[in-house]
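Welcome, and please open your viewer. We will walk through one model stop by stop, selecting a few residues at a time.

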Amino acid sequence: MKHIVLTGGGTAGHVTPNIALIPGLQELGYSISYIGSHDGIEKKLIEDLNIPYYAISSGKLRRYFNPKNFSDPFRVLKGIGEARKILKELKPDIIFSKGGFVAVPVVLAAKRLKIPVIIHESDMSPGLANKLCIPAAVKVCCNFPETLEHLPRNKAVVTGTPIRQELMSGNKLAALQFCGFTANKPVIMVIGGSLGSVAVNEAVRSILPELLRDFQVVHLCGKDKLDPSLNGLEGYVQFEYIKKELADLFAMADLVISRAGANAICEISALAKPNLLIPLSAKASRGDQILNARSFEKQGYSVVLEEEELTDESLLTAIRQLYDQRESYIAAMKSGSHTDSIRRILSLIQECAKN
């Protein structure tokens, strides 16, 4: 039996594509192990699937000043040692990495042990963690054709992002019941990412009195970001994070307001949900979400409102315009070329594991 180690973590976007591959890998007869961090979101998500989970030390390598910049390189070195020990014990045929800083020690340890590694880059341009891992990889999967210019030619493959198949079979009525909503008023689903977005949360909450006249709102606001003062408000429900009922909530949603992390927007477009993207500001990131959002806007999939443009008025106007023109966005997404990314990535894994 072939053995694969999956790695990646920090945010849900670094884990859910791995989860999307698991059923296909099991069908192909692979035994699967996962290496992640001690306290990242990936630990619970993977353990819930009964996949053996191994935790290692990891540190974030930042481009800006932070006191942890002095200690984190030592945590990375410790992580490489821990990953090496785990890999020597597991003897996997191949490693698939979805990125995030926990993946760096695993990929670097795999290179020393001559274990082939495939990595996946979701964003338009590679993040720092994947930049460190690319030299050690045999193949680099990516989401956007524009990404190819940032990658070594002999390694890069446009595969798209693996989408969890269970998201495709949600039950709208179950979600209406779950949220206590009525069937005769449209629903907006707000997703700020698995860690939550203060800017998106505050912007949506500040227009709720206006919004709830015409819409119902289900708000996935992130860990520790619930607002207890809004509990019991008719037509509004909030959750920190939803796992089991997520497919149902998507089936119920008429519009989605989201950050522009690559995995999130790929799921939204695969489900053909008219969406308003509020990318993470370039001041707080390397600007990858802005590039992702603009690419989707150009293809007619999304309306984009940058954080600096976010006011009560601009948000309400964007939502109303999106709702009025929703059919044209649905048509664009349905005619888009969503490649069968799971099949493509599985065949790459098979090929590289064989070699």
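Helices (H or I, at least four residues) and strands (E, at least two) are DSSP runs, numbered from the N terminus. This is a predicted model, in which local features need pLDDT of at least 70 and side-chain atom pairs count only at pLDDT 80 or more, while totals for chains, interfaces and linings use all residues. Residues are numbered from 1 along each chain as its sequence is written, and side-chain values use heavy atoms, with hydrogens and water left out.

**Stop 1: helix H11**

Select residues 288–298, which make up helix H11. Which of its residues are buried? They are Asp 288, Gln 289, Ile 290, Asn 292, Ala 293, Ser 295 and Phe 296. Here "buried" means under 20% relative accessible area, "exposed" means over 50%, and "partly exposed" is in between (1.4 Å probe, protein chains only).

Now show what covers these buried residues: the cover includes helix H10 (262–270), strand S12 (275–277) and strand S13 (302–304). Covering is judged by contact, meaning heavy atoms within 4.5 Å. Step just past the helix to Gly 300, which takes a positive phi of about 80°.

**Stop 2: helix H6**

Next, select residues 172–179, helix H6. Color Ala 175, Leu 176 and Cys 179, which are buried. Look down the axis of H6: these buried residues fall within an arc of 100°, so they line one face of the helix. The arc is taken from the directions from the helix axis to the C-beta atoms. A general rule helps here: an α-helix has 3.6 residues a turn, so residues three or four places apart point the same way.

Turn to the other side of H6 and you will find Leu 173 and Gln 177, both exposed. Among the elements covering the buried residues of H6 are strand S9 (216–220), strand S10 (236–239) and helix H9 (246–252).

Check both ends of H6 too. At its start, a side-chain oxygen of Asn 171 comes to within 3.0 Å of the backbone nitrogen of Leu 173. This is a polar contact: a pair of N or O atoms within 3.5 Å, where, within protein, one must be able to donate a hydrogen and the other to accept it, and residues adjacent in sequence count only if both atoms are side-chain atoms. After H6 comes Gly 180, with a positive phi near 70°.

**Stop 3: Gln 216 and the loop beyond**

Strand S9 has already appeared as part of the cover of H6. Pick Gln 216, which lies in this strand. Is Gln 216 buried or exposed? Its relative accessible area is 4%, so Gln 216 is buried. Its side chain reaches the backbone nitrogen of Thr 182 at 2.9 Å. Setting aside residues up to four places away in sequence, Gln 216 touches Phe 181, Thr 182, Lys 185, Pro 186, Val 187, Ile 188 and Gly 235.

From S9, follow the loop that leads to S10 and stop at Asp 224. Asp 224 is not a glycine, but has a positive phi of about 65°. With 64% relative accessibility, Asp 224 counts as exposed.

**Stop 4: Lys 114**

For another positive phi, go to Lys 114, in the loop between helix H4 (103–112) and strand S5 (117–121). Lys 114 is not a glycine either, and its phi is about 60°. Its relative accessibility is 74%, so Lys 114 counts as exposed.

**Stop 5: Tyr 53 and Ile 32**

Select Tyr 53 in strand S3 (residues 53–56). At 15% relative accessibility, Tyr 53 counts as buried. How far apart are Tyr 53 and Tyr 34? They are 19 residues apart in sequence and 4.9 Å apart in space, C-alpha to C-alpha. Find the backbone oxygen of Ser 37 as well: a polar atom of the Tyr 53 side chain lies 2.6 Å from it.

Then move to Ile 32 in strand S2 (residues 31–37). Ile 32 has 8% relative accessibility and counts as buried. Beyond its neighbors within four places in sequence, its contacts include Ile 22 and Leu 25.

**Stop 6: helices H1 and H14**

Finish with helix H1 (residues 16–27) and helix H14 (residues 341–354), whose axes come within 10 Å and cross at roughly 60°. Where do they meet? Ala 20, Leu 21, Gly 24 and Leu 25 in H1 meet Ile 342, Ile 345, Leu 346 and Ile 349 in H14.

Terms used: Axes are lines fitted to C-alpha atoms, for helices over the stretch in contact, and angles run from 0 to 180 degrees between N-to-C directions.
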